[in-house]
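The exercises that follow ask you to read a structure alongside its sequence, and each comes with a solution worked through in steps. Please keep both views open as you go.

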Amino acid sequence: CAASRQAACSAGCIPIPWLCDGERQCPDGTDEQCVYECCFVPSVCGSKKVQCPGTHHCIPHWELCDRHQDCEDGWDEEGCPHQPCLPGQWQCRNRVCIMAEWKCNGIDDCGDSSDEDICAPCPPGMVRCDEGKCILESLMCNDEDDCLDGTDEPSTCGEMRGGAGHRKRSRFMRQPCNCLPAYSCQVCSARVDIHSGDLYWLALPPTPPLPTSPAHPRTPVPRLSCPRTHVPCRDGTECVAQEYMCDGEKDCADGSDEDGCAQLCDTPGRSGSSYPCGLGGCLNASLVCDGRQDCTDGSDEAGNCSVSCQQSCAHLCYPSPQGPRCWCDRGYQLAEDGLSCMDINECTEKGEGACSQICLNTPGSYSCGCLPGYLLEPDGHICKLTGPEPILLVAVQSEVLSYGLRSGREEVLLAADKDRVIFSLDYDLVERKVFWMDLATESIRWQDLNSGKKGTLVKGVRSDCIAVDWLGRNLYWTDGAAGQVLATHLGAAWRGTPEYTVVMDGDLDQPHSLVLQPLAGLLYWSEVGKQPRLMEATMDGSRWHELLAQGLGWPTALALDLPTWRIFWLDEKLGSVGSARLDGTSVKVLRLGWVQSPFAAAVCEGQLYWSERKAWSVQKLDKTSGKNRTVLLKRHGQPHGLQVPSQGIPKPCCTSTNSCAKNNGGCAQLCLPNP
């Protein structure tokens, strides 16, 4: 072993920072026994970081042997195990070997997208980050990590400082025209969203030369170019998603996404007191014929404004350029006879936008309520969980993190071996155990969060997704290659032979994501084969049917929202977020540019959370509108499984149709519910 960088182990050599780090790397555990003097020397970097030799620079453990030089002398990449691929294979960034011909085939065969990130060349004037994304050259050395891996801010940036001794810090880079000879136009400025990777630029489109004179020189007007899923605002400063046009909310700073939306006057739920202007837009009836032009075209004045109201209106009458008209109080709409008013059922018309959980319609209005365990917020619409702070469990590389959804507090709950990747995970709220899929060993493992005890549930399996039935005491998983859904008992212990059963087989076309509804004894899964679809079945697999088969690409992440009785999915192929009622009706799909490579999803209160593998981040957005996207976590490692553990344990005797909840259903071994 290299004396200065490695330590001897019964199975070979290991990097020195792996000594006394709380994890056994040597089979005999000698790396965690105090036989090395390092065990008695406190680290200046703390327990979660290591020190680069001869410097005061500290790096996280997960940056060791990650194929990126983090210490200036490259110490963190020396003495690392290297497993070269066989002839005809190609090594991914995560060291997985794939067939060379699988590169650039449109499929993420590596699992970290490195086989696809290298395909398309960057446009002129741009550079590629190590993780694959292209950014503008002008964003290099601007004191901000525009690359997720920080490769745009290397240690050599100090040599690139200008004469004034400082670097540009602006996120919107103003440059002379012709700085980027790309896209057949002159790019004058550009901006990169570091969370989504979207590139926005202001460009001068090529146009035929026009006659000019010294007195009237021709000045080209820049335009904003947006991603295909977005449209530019009129002032040219930003882009908004197409779904946000004419939705009743001003998403552009200048409000141009709501201009010209004449149809808003006929939007269900709008009261009969709205007057349509001639050029679009709506006006409150009280402003019509008031002697002032409130519509931009003046269509709210003149005409027959002087004709007095003599109609038998149920509520009120107002003058208009077309003559007297009846109008209704708030919460009512004008009937077809033009005189009477009908109550608006806001619960139906506004849908999920009315209340986050329970909606009760009343004459002229409505009220919201919450399920047990929730409390109505002061706004009268949103329900929040009572009791302890809800947490999000996230698998990032070999660690499971706990993230407080109120405080943002992060904590490492468990850590597997460094060369292992925690893939899909779920949580048993009865015994407080975390279960996860370990692809390296083809096993499903667990750890008790109370005692720290670890174990193996079953070996010899591969799965994209696992799910725990905490009530029936079973664990389910999908096998996409075999086209199966399988299950085993949570109390099973590995004794050398597999102990599990095939729940469903035969007609399944690459089952992928899987979620359970233990109280009802139901399971839901997605299929990503030739005919993508969402499915529902009883937990014993005896009764299954198709929930949805239209408008799907690759629904790779599922989540249940039981308070609203809906199922959510993220579609990797279409870049969309969708939801539907659990009977397959009321389908809603939002196409959003930042949904790129979703792996797992969860819903809590009014937010949808998901792990984004390409962006190496965990993000959230408003589950109803798709707005207010926020990046919660961004690490130098791919996030995979995530889960929001339920609060408390419902009483199965009163609320459940899960036939295995009591005495294991009378079964000696495995009990599968059939409600």
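## Exercise 1: Where confidence is low

Over residues 267–271 the pLDDT stays under 50, and for this stretch the model has 13 contacts beyond four places in sequence.

**Task.** Bearing in mind that this is a predicted model, find in which strand of the protein confidence is lowest and in which it is highest.

**Solution.** Begin with the protein as a whole, whose mean pLDDT is 76, with 70% of its residues reaching 70 or more. Next turn to the strands: confidence is lowest in strand S9 (residues 173–174), where the mean is 30, and highest in strand S41 (residues 566–571), where it is 96. Then add residues 36–43, over which the pLDDT is below 50, and which have 12 contacts in the model beyond near neighbours in sequence.

## Exercise 2: The nonpolar core

**Task.** Identify which residues of the largest nonpolar core touch the most other members, and list what Ile444 touches.

**Solution.** The general expectation comes before the particulars: in soluble globular proteins, nonpolar side chains tend to be buried together. In this model the largest nonpolar core has 45 residues, and those touching the most other members are Leu392, Phe435, Ile444, Leu475 and Trp477. Strand S25 (residues 391–396) gives the most to this core, contributing 5 residues.

Now take Ile444 and set aside residues up to four places away in sequence; what remains in touch with Ile444 is Trp436, Met437, Thr456, Leu457, Val458, Val461, Ile466, Leu475 and Trp477. Another core, of 16 residues, lies apart from the largest one, and among its members are Ala241, Trp594, Leu608 and Trp610.

## Exercise 3: Three disulfides compared in turn

**Task.** The structure holds 10 disulfides. For the link of Cys347 and Cys359, that of Cys355 and Cys368 and that of Cys370 and Cys383, work out the handedness, and decide whether each cysteine is buried or partly exposed.

**Solution.** *Step one, Cys347 and Cys359.* A disulfide joins these two cysteines with an S to S distance of 1.9 Å, and the -80 degrees about the S-S bond makes the link left-handed. The pair links distant parts of the chain, 12 residues apart, with Cys347 in helix H2 (residues 346–349) and Cys359 in strand S21 (residues 358–362). Cys347 counts as buried because its relative accessibility is 18%, whereas Cys359 counts as partly exposed because its relative accessibility is 27%; the cut-off that separates the two classes is 20%.

*Step two, Cys355 and Cys368.* Here too the S to S distance is 1.9 Å, and the torsion about the S-S bond is about -75 degrees, so this disulfide is left-handed. Cys355 sits in the loop between H2 and S21 and Cys368 in strand S22 (residues 365–369), so that distant parts of the chain, 13 residues apart, are linked. Both Cys355 and Cys368 are buried.

*Step three, Cys370 and Cys383.* The sulfur atoms of this disulfide are 2.0 Å apart, and with -90 degrees about the S-S bond the link is left-handed. Because Cys370 lies in the loop between S22 and strand S23 (374–376) while Cys383 lies in strand S24 (residues 383–385), the pair ties together parts that are 13 residues apart in sequence. With a relative accessible area of 22%, Cys370 is partly exposed, whereas Cys383, at 1% relative accessibility, counts as buried.

*Step four, a cysteine outside any disulfide.* Cys667 is in no disulfide, and the nearest cysteine sulfur, that of Cys671, is 4.0 Å away; a pair would need its sulfur atoms within 2.5 Å to count. Cys667 is partly exposed, with a relative accessible area of 32%.

## Exercise 4: Annotated spans

**Task.** State where UniProt places the feature "domain: EGF-like", and describe residues 308–342 and 346–384 in terms of helix and strand.

**Solution.** The UniProt record, an unreviewed entry, places this feature at residues 84–135, 308–342 and 346–384. Residues 308–342 are 0% helix and 31% strand, with the end C-alpha atoms 24 Å apart. Residues 346–384 are 10% helix and 38% strand, and their end C-alpha atoms lie 21 Å apart.

Terms used: Residues numbered from 1 in each chain as written. Predicted model: local features only at pLDDT ≥ 70, side-chain atom pairs only at ≥ 80, totals over all residues. Heavy atoms only, no water. Core = buried A, V, L, I, M, F, W, Y, C linked by side-chain atoms within 4.5 Å. Buried < 20%, exposed > 50% of the residue type's maximum accessible area, 1.4 Å probe, protein only. Helix = DSSP H or I, 4+ residues; strand = E, 2+ residues; numbered from the N terminus. Contact = heavy atoms within 4.5 Å. pLDDT = per-residue confidence, 0-100. UniProt positions renumbered as here; feature names shortened; annotations may be inferred.
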